[in-house]
Amino acid sequence: MSICISYDSTFDGFLSAVFEIYSQHLDVESFVPDRDAGTAGDLFQQRFRVEANEDSAMRLRRAIVNYASEDVLNLLETAFLSEEAGIEMMILAFLRKLFAGDDPNYGKNPASPEMLPLYKIAGSVRHEAGGMLGMVRFSKAPGNFYVAKIEPKYDILLLMESHFTNRFADGNWVIYDAKRRYALLHEKTGKCRVVDIPDDAALINAINSDDYTRLWQDYYNSIAIKERENPKLLRRCLPVRYWKNLPERQAARF
């Protein structure tokens, strides 16, 4: 019977699972991260749970760097953040070829059948992360905190951390991923940490009731030139799925 591995949805959790696959010689056909735990699985697959293990994940990280490079490790982690269906099996297929050692240059070949799709997926993740930097809208909340809500397609919040930490190093702010219900919490002391937010009602209320929202709307309306509006171009440059978290789009005519 084939095995389906469940894990905690994190990259270290996935690496821990790969470590167990090699340690126990498991014949794995699929993975189910906790975020997809409610989906129906294959009745003919045996479920095998692997808990995240910091030591196992670190050992596998070192192995990837030794067999390939730090850049390849970063590539795999970025592709993993796509949360694409089957991304774990794609990475596992690459690692199997890498660790087999048949080709000493395999880890440096971006055109290999296993690595090329990962490059493309990672590129899409980085593209969204870069574009999202200009679409974060902060609102002032009680306690002198500034909050912002995003709902990206990919799990890119941690890729944005250094940008906002450097830009607002002495501020209290929260960037909340409403799709995944966790946030980056930065305090003016310089500490930035990840926090789970199962109930986002207070955050959403602060965003919706803040004067900054109206300022964004007024600013956008004051600079917009009706005669030069191009809805088709706008939708291509600024996908509609982001609009509900952009105050200026909520007040726009299209």
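**Group meeting: a pocket, a helix and some rings**

Okay, let's start with the largest pocket, which holds about 480 Å³ of space. Before I go on, keep in mind that this is a predicted model.

So who lines that pocket? There are 18 lining residues, and S9, T10, L81, D155 and Y182 are the ones nearest its centre. Two elements, α3 and β8 (192-196), each give two or more residues to the lining. The largest share is from α3, with four residues.

Next up, helix α5, residues 115-132. Does the length add up? Let me put that properly: how far apart should its ends be? With 18 residues at 1.5 Å a residue, α5 should span 26 Å, and the end C-alpha atoms are indeed 26 Å apart, so the two agree.

Now look at which way the side chains point. M115, L118, I121, A122, V125, E128, A129 and M132 of α5 are buried. Those residues cover an arc of only 150° around the axis, so they sit on the same side of α5. And yes, E128 is on that buried list. Flip to the other side of α5 and you find K120 and H127, both exposed. What do the buried residues of α5 pack against? That would be α3 (70-80), α4 (87-100) and β5 (145-150). You'll remember α3 from the pocket lining.

Last topic: aromatic rings. Searching the whole structure turns up 15 aromatic pairs. One of them is F11 with F14, a tilted pair, at 6.3 Å centre to centre with 35° between the planes. F11 and F14 are three residues apart in helix α1 (residues 11-24), so about one helical turn separates them. Are they buried or exposed? F11 has a relative accessible area of 6%, so it is buried, and F14, at 0%, counts as buried as well.

Compare that with F138 and W173. Their ring centres are 6.3 Å apart, but the planes are at 65°, and because anything over 60 degrees counts as edge-to-face, that is what we call this pair. F138 is in the loop between α5 and β4 (139-141), while W173 is in strand β6 (residues 173-177), so this pair links distant parts of the chain, 35 residues apart. F138 and W173 are both buried.

One more thing before I stop. F11 and F14 aren't on their own: ring pairs link them with Y7, F31 and F80 into a cluster. And that's my tour.

Key:
Residues are numbered from 1 along each chain as its sequence is written. This is a predicted model: local features need pLDDT of at least 70, side-chain atom pairs count only at pLDDT 80 or more; totals for chains, interfaces and linings use all residues. Side-chain values use heavy atoms; hydrogens and water are left out. The expected span of a helix is 1.5 Å times one less than its number of residues. Buried means under 20% relative accessible area, exposed over 50%, partly exposed in between (1.4 Å probe, protein chains only). The arc is that of the directions from the helix axis to the C-beta atoms. Contact means heavy atoms within 4.5 Å. Rings of Phe, Tyr and Trp (its six-membered ring) pair if their centres lie within 6.5 Å; planes under 30 degrees apart count as stacked, over 60 as edge-to-face and the rest as tilted. On a 1 Å grid over the protein atoms alone, a cavity is a set of points where a 1.4 Å probe fits but cannot get out, and a pocket is an open set with protein on both sides within 12 Å along at least five of seven lines; lining residues have an atom within 4 Å of a point. Grid points are joined across faces, edges and corners, and a volume is the space filled by probe spheres set on the points.
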